Amino acid sequence: MISVVPFPLNSQYVSQVPSKCGVYLLLRQNRGWRVLYVGRSNDLNRRLQEHLPNNEVNPCLRRNRPTHFAYWVTRDEKEAYEAECWLYHDYSPLCNDSHPAKPSGRLQCPVCGQ
């Protein structure tokens, strides 16, 4: 269940996202919210710019066209990875084709141990 109010996925709202480490959801509103993609980045602003409709390269996201996004700033890459794992396992997003990649080091998914 989404517990935040998502922002419309457009350049006006994305431009206000900080260039900080964090996680994000790409969503489609259609009789409720559908999580299409879960991601993380060391620069949320740059990464979300890449998901704007004219910039998107993921074929699944191009077909399903997210309408909104939500994001959370994290303290560091480890916290972002762990949050991404929880979101990935909670929502089973349509357009993620694999489990979140580990950043560096010996981190393990807090959900499945992968």
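This is a chat about the fold, the cores and a few single residues of a predicted model.

Visitor: Okay, how many helices and strands are there in the chain?

Guide: The chain has four helices and four strands. Going along the sequence, their pattern is β-α-β-β-α-α-β-α.

Visitor: And how compact is the chain?

Guide: It is as compact as a globular protein of that length, because its radius of gyration is 13 Å, close to the 13 Å that the globule rule gives for 114 residues. Along the principal axes, the C-alpha trace spans about 35 × 30 × 25 Å.

Visitor: What share of the residues count as buried?

Guide: Of the 114 residues, 39% count as buried. As for the outside, the chain exposes about 6800 Å², and carbon and sulfur atoms supply 45% of that area.

Visitor: Let's go inside. Which residues have the most contacts within the largest nonpolar core?

Guide: Those are Leu26, Leu48 and Phe69, in a core of 14 residues. Two or more core residues come from each of β2 (22-29), β3 (33-41), α2 (44-50) and α3 (59-64). There's a second, separate core too, with nine residues, including Cys21, Val38, Ala70 and Ala80.

Visitor: Is there a general pattern behind that sort of thing?

Guide: Yes, in soluble globular proteins nonpolar side chains tend to be buried together.

Visitor: Back to Phe69. What is Phe69 in contact with, leaving aside neighbours within four places in sequence?

Guide: Quite a list! From the early part of the numbering, Phe69 is in contact with Pro6, Phe7, Pro8, Leu9, Tyr13, Val14 and Val17. Leu25, Leu26, Leu27 and Leu48 are also contacts of Phe69.

Visitor: For the chain, how much of the contact count comes from residues 24 or more positions apart?

Guide: Such pairs account for 66% of the contacts with a separation of 6 or more.

Visitor: New topic. Which value of phi does Arg31 have?

Guide: Phi of Arg31 is near 55 degrees, which is a positive value in a residue other than glycine. You'll find Arg31 in the loop between β2 and β3.

Visitor: Is Arg31 buried or exposed?

Guide: Exposed: the relative accessible area of Arg31 is 86%.

Visitor: What about Arg65, where does that one lie?

Guide: Arg65 lies in the loop between α3 and β4 (68-73). Its phi is near 45 degrees, again a positive value in a residue other than glycine. Arg65 counts as exposed, at 56% relative accessibility.

Visitor: While we're on arginines, how far apart are the mean positions of the positive and negative charges?

Guide: They are 6 Å apart, for 14 positive and 10 negative charges.

Visitor: Now Asn45. Why does Asn45 count as buried?

Guide: Because its relative accessible area is 15%, and buried means under 20%. Asn45 sits in helix α2. Not counting residues up to four places away in sequence, Asn45 touches Val14, Ser15, Val17, Pro18 and Ser19.

Visitor: How far apart are Asn45 and Asp76?

Guide: Their C-alpha atoms are 16 Å apart in space, and the two residues are 31 residues apart in sequence.

Visitor: Last one: where is Val5?

Guide: Val5 is in the segment before β1 (7-8). With 71% relative accessibility, Val5 counts as exposed. Val5 and Tyr91 are 86 residues apart in sequence, and their C-alpha atoms are 17 Å apart in space.

How values were computed. Residues numbered from 1 in each chain as written. Predicted model: local features only at pLDDT ≥ 70, side-chain atom pairs only at ≥ 80, totals over all residues. Heavy atoms only, no water. Core = buried A, V, L, I, M, F, W, Y, C linked by side-chain atoms within 4.5 Å. Buried < 20%, exposed > 50% of the residue type's maximum accessible area, 1.4 Å probe, protein only. Contact = heavy atoms within 4.5 Å. Rg over C-alpha atoms; globule rule 2.2 N^0.38 Å. Areas by Shrake-Rupley, 256 points an atom, 1.4 Å probe, with all protein chains shown as cover. Lys, Arg positive; Asp, Glu negative; His and termini not counted. Charge placed at Lys NZ, Arg CZ, Asp CG, Glu CD.
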